[in-house]
Amino acid sequence: MDNTSGVGVLDKAASVLSALEAGPATLAQLVVSTGLARPTAHRLAVALENLRFVSRDMQGRFVLGPRLNELATAAGEDRLLAAANPVLTALRDHTGESAQLYRRQGDLRICVATAERPVGLRDSIPVGATLTMGAGSAAQILLAWEEPDRLHRGLRDAKFTATILSGVRRRGWAQSVGERELGVASVSAPVRNQAGRVVAAVSISGPVERLSRQPGRLHAPAVAAAANRLTEVLARAGE
């Protein structure tokens with residue numbers, strides 16, 4: 001099947017965006033991935049950056065930009081977000097803890113949906129909040145199944161280790177206690193697209209006093225079940 005438009009500049013711009021779908025890339029990596037000449041790749045990447053379809057991470061690498069998420073949300077095509085609210089609300093009601101959905105963007109993770117605990121102590125994370133990829137159970141999930149080179153880069157400044165991520169892959173969920181913030185614990189599980197790629201993390205978070213120092217023992221089954229429900233939504237939608 002021919003996936004080109006016949007309009008050269010659009011096809012080249014699309015090849016840049018497709019290359020960045022796999023993760024952050026330097027200009028040299030874009031040249032290799034797209035087959036474009038270096039000046040052309042640079043010109044297109046900078047033009048897309050000006051339009052916010054592309055942005056830069058903290059290392060100056062090109063990453064997909066916020067405009068793509070904005071358009072998907074405005075068009076109502078984001079099935080994951082459409083399904084997230086009732087699933088997170090059910091998870092919050094079942095566990096009694098605040099529930100979140102995170103996506104990775106470059107070296108950060110973004111909270112794209114949340115169901116807050118209405119009363120008492122809670123770990124409040126608003127939609128749109130950006131958090132580190134170096135700490136927390138959601139960061140572990142979003143990094144654990146990455147390609148080896150991206151995984152090793154992500155571990156350089158992380159508070160967790162390769163051994164911890166190996167355990168995450170083995171059991172299918174992650175937990176953290178005081179990694180992101182002192183006194184806060186969390187449990188997360190992966191959401192996968194139809195190809196099996198991890199595209200998001202479902203989490204609950206709250207004070208260690210409630211979740212304990214082994215929060216996975218209490219809540220991993222419920223968090224994993226919620227993540228599986230969203231995975232099923234993407235599978236039915238053909239994402």
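**Exercise 1. The surroundings of Val202**

Leaving aside its neighbours within four places in sequence, which residues is Val202 in contact with?

*Solution.* The structure is a predicted model, and the contacts are read from its atoms.

Step 1. List the contacts. Leaving aside neighbours within four places in sequence, Val202 is in contact with Leu88, Leu91, Gln100, Leu101, Val187, Ser188, Ala189, Val191, Val223, Ala226, Ala227 and Leu230.

Step 2. Place Val202 in its core. The largest nonpolar core has 28 residues, and Val202 is among those with the most contacts inside it, together with Leu91, Leu101, Val191 and Leu230.

Step 3. Identify the contributing elements. Two or more residues of this core come from each of α5 (79-95), β3 (98-105), β4 (108-115), β7, β8 and α10 (215-237). The element that gives the most is α10, with nine residues.

Step 4. Separate this core from its counterpart. Another core, of 21 residues, lies apart from it; Cys111, Ala174, Val198 and Ala201 are among its members.

**Exercise 2. The order of the sheet**

Determine the order of the strands in the open sheet, and state which strands lie at its edges.

*Solution.*

Step 1. Write down the order. The open sheet is formed by six strands arranged β5-β4-β3-β8-β7-β6, with antiparallel pairing.

Step 2. Find the edges. β5 (130-132) and β6 each pair on one side only and are the edge strands.

Step 3. Describe the turn between neighbours. With direction ignored, neighbouring strands of this sheet are turned against each other by 35 degrees on average.

Step 4. Check the pairings one by one. β4 and β5 run antiparallel and are joined by three bridges; here Ile110 has Thr130 in β5 as its bridge partner. Five bridges join β3 to β8, again antiparallel, and Ala99 is partnered by Ile204 in β8. Between β7 and β8 (residues 198-207), which run antiparallel, there are nine bridges. Two positions mark this pairing: Ala185 has Gly206 as its bridge partner in β8, and Val191 stands opposite Ala200 in β8. Finally, β6 (residues 174-177) pairs with β7 in the antiparallel sense over four bridges, where Gln175 stands opposite Val187 in β7.

**Exercise 3. Hairpins and enclosure**

Describe the two hairpins that involve β7, and explain why β7 is largely enclosed by the rest of the structure.

*Solution.*

Step 1. Take the hairpin of β6 and β7. Six residues lie between these strands, and Gly178 in the turn has a positive phi of about 70 degrees.

Step 2. Take the hairpin of β7 and β8. Five residues lie between these strands, and Gly196 in the turn has a positive phi of about 90 degrees.

Step 3. Assess enclosure. Strand β7 (residues 184-192) is largely enclosed by the rest of the structure because eight of its nine residues are buried. β8 is likewise mostly covered, with nine of its ten residues buried.

Step 4. Turn to a helix. Helix α6 (residues 137-144) has eight of eight residues buried, and therefore it too is largely enclosed by the rest of the structure. Its buried residues include Ser137, Gln140 and Leu143.

**Exercise 4. Charged side chains**

How many salt bridges does the structure hold, and is Glu179 buried or exposed?

*Solution.*

Step 1. Count. The structure holds nine salt bridges.

Step 2. Examine individual pairs. Asp93 forms a salt bridge with Arg92, with the closest N and O atoms 3.1 Å apart. Asp93 is classed as exposed because its relative accessible area is 54%, against a cut-off of over 50%. In the salt bridge of Glu146 with Arg150 the closest N and O atoms are 3.2 Å apart, and both residues are buried. The side chains of Glu181 and Arg180 meet in a salt bridge at 3.6 Å, N to O. Glu181 is partly exposed, with a relative accessible area of 40%, and Arg180 is partly exposed at 27%.

Step 3. Note a network. Salt bridges link Asp57, Arg61 and Asp107.

Step 4. Consider Glu179. This residue lies in the loop between β6 and β7. Glu179 is buried yet has no salt bridge, and Arg109, the nearest side chain of opposite charge, is 7.1 Å away. A salt bridge requires a separation within 4 Å. Not counting residues up to four places away in sequence, Glu179 touches Ala135, Gly136, Gln140, Lys159 and Phe160.

Conventions
Residues are numbered from 1 along each chain as its sequence is written. This is a predicted model: local features need pLDDT of at least 70, side-chain atom pairs count only at pLDDT 80 or more; totals for chains, interfaces and linings use all residues. Side-chain values use heavy atoms; hydrogens and water are left out. Buried means under 20% relative accessible area, exposed over 50%, partly exposed in between (1.4 Å probe, protein chains only). Two strands pair if DSSP finds at least two bridges between them. A nonpolar core is a set of buried Ala, Val, Leu, Ile, Met, Phe, Trp, Tyr and Cys residues joined through side-chain atoms within 4.5 Å. Contact means heavy atoms within 4.5 Å. Lys and Arg count as positive and Asp and Glu as negative; His and the chain ends are not counted. Axes are lines fitted to C-alpha atoms, for helices over the stretch in contact, and angles run from 0 to 180 degrees between N-to-C directions.
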